[in-house]
Amino acid sequence: MITSVANSRVKNIISLIKKTRSRKEQGVFVVEGIRMVREAPKDRIRELYVSENFLMKEENRIFLEKEVGLPFEAVKDEVFAKMSDTVTPQGILCVLEKMDHNLEYMLQQKEGTFLVLEDIQDPGNLGTMLRTGEGAGIAGIIMSSGTVDIYNPKVIRSTMGSIYRVPFCYVDDLPAALRLLRKRGVHTYAAHLQGDRYYDECFFSGQTALLIGNEGNGLSDEVSALAEHRLKIPMEGQVESLNAAISASILMYEAYRQKRGRHVGEK
């Protein structure tokens, strides 16, 4: 049992939670809670830790034995609290190998919708987009290198497990990635305040990419200029724009509706 915060493994967990650099160097990330451990790909789990209090409950011991089935390290409650990134830890966390894909892998998808993100900064927004994207059946998420680390604990919590199932990748040159998408026949649509048509006037057939920009600045001129179309969401009242995650959700679900063959007025 680990009894001290000075333990090297405890220090490393804390570093992985707090520092993007540590996660990148080691190629791993940390998830917490029963649900996140239950849904984690078992072949990617590298380390598993549980608190003393967690082990006191019979249902938790059964969970570890029947559902997880992997070796674990017990940790003193006060030490586990230091390792955790949550206010009220559930008493279980694990270290997993990263799941990054590359752009070529993403483009192997025969059809579907891609979400393309430029410099999204809010962890909650990114996590929400990933979770909503799974619900809307997207093919994957392509992110600029300036987008927040998807393995940030706040992002991971917001995904509610979708991070395990939705393909994603970072690209160093987003304009070059968009040119490749166009070359491969992917139709690109930029969410833009100066859009020339409303989103529900667009036809998202075949492979489609929906471009969403930074929360404060939107899409850069270079990126938006590379899109085939600029679209906008109609607004009432004095609202000028919507939250990035909300905008992405509206567009993803419209693409999903169309791809399901459902149209307004059908029964």
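Start by selecting D119: at 30% relative accessibility, this residue counts as partly exposed. You'll find D119 in the loop between strand 5 (113-117) and helix 8 (123-135). Check its backbone while you're there: phi is near 55 degrees, a positive value in a residue other than glycine. Keep in mind that you're looking at a predicted model.

Why bother with that angle? Most residues other than glycine have a negative phi.

Now hop to M160, another stop for a backbone check. M160 isn't a glycine either, yet its phi is positive, at about 55 degrees. This residue sits in the loop between helix 9 and strand 7. With a relative accessible area of 29%, M160 is partly exposed.

**Zoom out: the whole chain**

Show everything as a cartoon. You should be able to count twelve helices and eleven strands. Line the view up with the principal axes, and the C-alpha atoms fill a box of roughly 60 × 45 × 40 Å. How much of the chain is buried? Of its 267 residues, 47% are.

Switch on the surface next. The accessible area comes to about 13700 Å², and carbon and sulfur atoms account for 46% of that. If you colour by charge, there are 35 positive and 36 negative side chains to find. The centres of those two sets lie 3 Å apart.

One more number before we zoom back in. Take the contacts between residues at least 6 apart in sequence: 78% of them join residues at least 24 apart.

**Select strand 4**

Pick residues 92-97, which make up strand 4. Is this strand mostly covered or mostly open? Mostly covered: five of its six residues are buried.

Add residues 28-32, and you have strand 1, which pairs with strand 4 in the antiparallel sense over five bridges. For a landmark, label V31 and look across to C94, its bridge partner in strand 4.

Then add residues 45-51 for strand 2, which is also antiparallel to strand 4, again with five bridges. Here the landmark is I45, standing opposite L96 of strand 4.

While you have side chains showing, a thing to look for: in a regular strand they alternate between the two faces of the sheet.

**Select the aromatic rings**

How many aromatic pairs does the structure hold? Four. Begin with F29 and Y151, a tilted pair at 4.5 Å centre to centre, with 40 degrees between the planes. F29 lies in strand 1 and Y151 in the loop between strand 6 (140-144) and helix 9 (153-159), so this pair ties together parts that are 122 residues apart in sequence. Both F29 and Y151 are buried.

Keep those two rings on screen and add F168. Ring pairs link F29, Y151 and F168 into a cluster.

**Select helix 12**

Move on to residues 244-259, helix 12, and show Y253 and Y256, which are three residues apart and so separated by about one helical turn. What kind of pair do the rings of Y253 and Y256 make? Their centres are 5.8 Å apart and their planes are at 80 degrees, so the pair is edge-to-face. Y253 counts as partly exposed at 38% relative accessibility, and Y256 counts as partly exposed at 31%.

Stay in helix 12 for S249. This serine is buried, with a relative accessible area of 16%. Draw a C-alpha to C-alpha distance from S249 to L115, and you should get 10.0 Å, although the two are 134 residues apart in sequence.

**Last stop: the seven-stranded sheet**

Finish with the open sheet, whose seven strands run in the order 7-6-5-10-8-11-9 with parallel pairing. Which strands are at the edges? Strand 7 (168-171) and strand 9 (197-198), each pairing on one side only.

To see the pairing close up, select residues 187-191 for strand 8 and residues 208-212 for strand 10. These two strands pair in the parallel sense over four bridges. Label H187 and T208 to mark the spot: T208 in strand 10 is the bridge partner of H187.

Technical notes: Residues numbered from 1 in each chain as written. Predicted model: local features only at pLDDT ≥ 70, side-chain atom pairs only at ≥ 80, totals over all residues. Heavy atoms only, no water. Buried < 20%, exposed > 50% of the residue type's maximum accessible area, 1.4 Å probe, protein only. Contact = heavy atoms within 4.5 Å. Areas by Shrake-Rupley, 256 points an atom, 1.4 Å probe, with all protein chains shown as cover. Lys, Arg positive; Asp, Glu negative; His and termini not counted. Charge placed at Lys NZ, Arg CZ, Asp CG, Glu CD. Pairing = 2+ DSSP bridges. Phe/Tyr/Trp six-rings, centres within 6.5 Å; stacked < 30°, edge-to-face > 60°.
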